[in-house]
Amino acid sequence: MKRIVTVGAVLLATVALSGCSLLRGSDGALPAPSSPPATTASPAPSDTATPDGESAADLLEASANPRTPTPAPTEAAAPAPTLTPIPAGTVLAQGDVASPKGSIHFHFRMVANGDDTFTAQYSGVTSTLPVPIGVGLFDLSRKVGDGLTYRGVGDHTLGGPTSTAVAANVPLSGSGVDPSHLGTLVTYSAAAPGQDGPVEIAAEKVLAVTSVRWSVPARQTNVHPKDAGARANATGSVTATTAGGGPKSYTVAPDDLIGDVAARFGITVRALVWLNEGVRVFGEDQHLYEGTSLNLDPLGR
């Protein structure tokens with residue numbers, strides 16, 4: 001409106017300066033000034049409250065700055081997300097390790113701590129090799145003679161050479177709440193880089209590969225995501241499913257909001273955060289970062 005008024009004023013001034021002859025009478029005299037026409041001011045937004053308590057000015061401001069609605073909060077009424085723990089001391093896997101040439105021997109046990117963490121117990125460790133040995137757990141199998149660039153989950157140097165049996169308890173940090181995906185125990189050379197010795201036992205060389213057969217008891221949870229399909233502010237894709245056919249992971253799309261994504265899968269925001277420790281959002285409406293992969297499997301935490 002201000003722009004239109006300004007442009008009109010400029011046009012009137014131009015006509016007044018360049019077309020004065022058009023305003024003179026037949027005798028050349030200027031006509032007598034007349035009173036300016038009355039103008040009616042546009043009504044300003046009223047501060048009168050509307051029935052719902054908002055003023056007209058508030059409504060005008062809201063219409064100029066719309067916000068995307070998010071689901072009504074239900075956090076207070078929903079129970080806290082839970083996953084029944086495995087009792088402390090439960091042995092989930094055990095076995096024996098022997099290197100192909102018989103230089104290394106030891107026994108291992110994987111034990112639950114009762115709080116969704118686990119410990120690898122190694123006992124009877126002996127090695128006749130002239131270098132220290134280490135162990136680590138892997139998702140995928142390795143081969144003797146491979147070189148490692150990553151030492152695996154729960155990597156730990158057992159020591160050596162030693163003819164006296166030693167033992168170690170090693171926390172399996174990074175295993176998640178279900179460690180059964182770690183199906184391979186790798187024994188490797190923990191020699192110092194550049195340490196003299198045969199290439200077969202050089203630093204990071206795989207010395208023995210042992211399969212780990214897990215027996216993890218069934219666990220109960222009150223978080224059961226189900227995909228109700230794409231909706232506004234939750235248009236990403238389910239990229240993996242569980243053995244039971246439920247959604248396992250979800251990739252965030254542009255403009256996804258954490259509340260709408262949680263509602264799409266029939267869970268609370270609290271449960272979605274529980275499933276994805278450290279998930280980040282931004283903005284007042286809590287947008288999720290595009291391309292982020294969200295876990296939807298309680299056993300995949």
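Leaving aside neighbours within four places in sequence, Arg264 touches Lys226, Asp227, Ala228, Gly229, Ala230, Arg231, Ala234, Thr235, Gly236, Val238 and Tyr250, where contact means heavy atoms within 4.5 Å. This is a predicted model, so to speak of local features takes a pLDDT of at least 70 and side-chain atom pairs count only at pLDDT 80 or more, while totals for chains, interfaces and linings use all residues. Residues are numbered from 1 along each chain as its sequence is written, and side-chain values use heavy atoms, with hydrogens and water left out.

## Around Arg264

Arg264 sits in helix H3, which covers residues 258–264. Helices here are DSSP runs of H or I with at least four residues, strands are E runs with at least two, and both are numbered from the N terminus. Is Arg264 buried or exposed? Arg264 is buried, because its relative accessibility is 4% and buried means under 20% relative accessible area; exposed means over 50%, and partly exposed is what falls in between (1.4 Å probe, protein chains only).

The Arg264 side chain also makes polar contacts with backbone. One goes to the backbone oxygen of Ala234 at 2.9 Å, and another goes to the backbone oxygen of Gly229 at 3.5 Å. A polar contact is a pair of N or O atoms within 3.5 Å; within protein, one has to be able to donate a hydrogen and the other to accept it, and residues adjacent in sequence count only if both atoms are side-chain atoms.

Ala263 belongs to helix H3 too. Ala263 has a relative accessible area of 25%, so it is partly exposed. From C-alpha to C-alpha, Ala263 is 9.8 Å from Lys226, with their positions 37 residues apart in sequence.

## The E9-E10-E13 sheet

Now for a sheet. Three strands line up in the order E9-E10-E13 to make an open sheet with antiparallel pairing. E9 (237–241) and E13 (293–295) are the edge strands, each with a single partner, so one side of each has no neighbour in the sheet. From one strand to the next, the twist averages 30°; axes are lines fitted to C-alpha atoms, for helices over the stretch in contact, and angles run from 0 to 180 degrees between N-to-C directions.

E9 pairs with E10 (residues 247–251) over four bridges, in the antiparallel sense. Two strands count as paired if DSSP finds at least two bridges between them. Within this pairing, Ala240 stands opposite Ser249 in E10.

## Backbone oddities

Most residues other than glycine have a negative phi, and most peptide bonds are trans. Here are some spots to check against that.

| Site | Backbone value | Place |
|---|---|---|
| Gly160 to Pro161 | cis peptide bond, omega near -5° | Pro161: loop between E5 (153–159) and E6 (162–171) |
| Glu204 | positive phi of about 75° | loop between E7 (184–189) and E8 (206–211) |
| Asp255 | positive phi of about 70° | loop between E10 and H3 |

Asp255 is exposed, with a relative accessible area of 51%.

Another loop residue is Ser103, found between strand E1 (91–98) and strand E2 (104–112). Ser103 is buried, at 16% relative accessible area. Apart from neighbours within four places in sequence, Ser103 is in contact with Thr126, Ser127, Thr128 and Leu129.

## Aromatic pairs

How many aromatic pairs does the rule give? The count is four. Rings of Phe, Tyr and Trp (its six-membered ring) pair if their centres lie within 6.5 Å; planes under 30 degrees apart are stacked, over 60 edge-to-face, and the rest tilted.

One of them is Phe138 with Tyr150, an edge-to-face pair at 5.8 Å centre to centre and 75° between the planes. This pair links distant parts of the chain: Phe138 is in strand E4 (residues 133–138) and Tyr150 is in the loop between E4 and E5, 12 residues apart. Phe138 is buried at 3% relative accessibility, whereas Tyr150 is partly exposed at 48%.

Phe282 and Tyr289 make a tilted pair, 4.9 Å centre to centre with 55° between the planes. Phe282 is partly exposed at 40% relative accessibility, and Tyr289 is partly exposed at 32%.

## The whole chain

The protein chain has four helices and 13 strands. Of its 301 residues, 32% count as buried.
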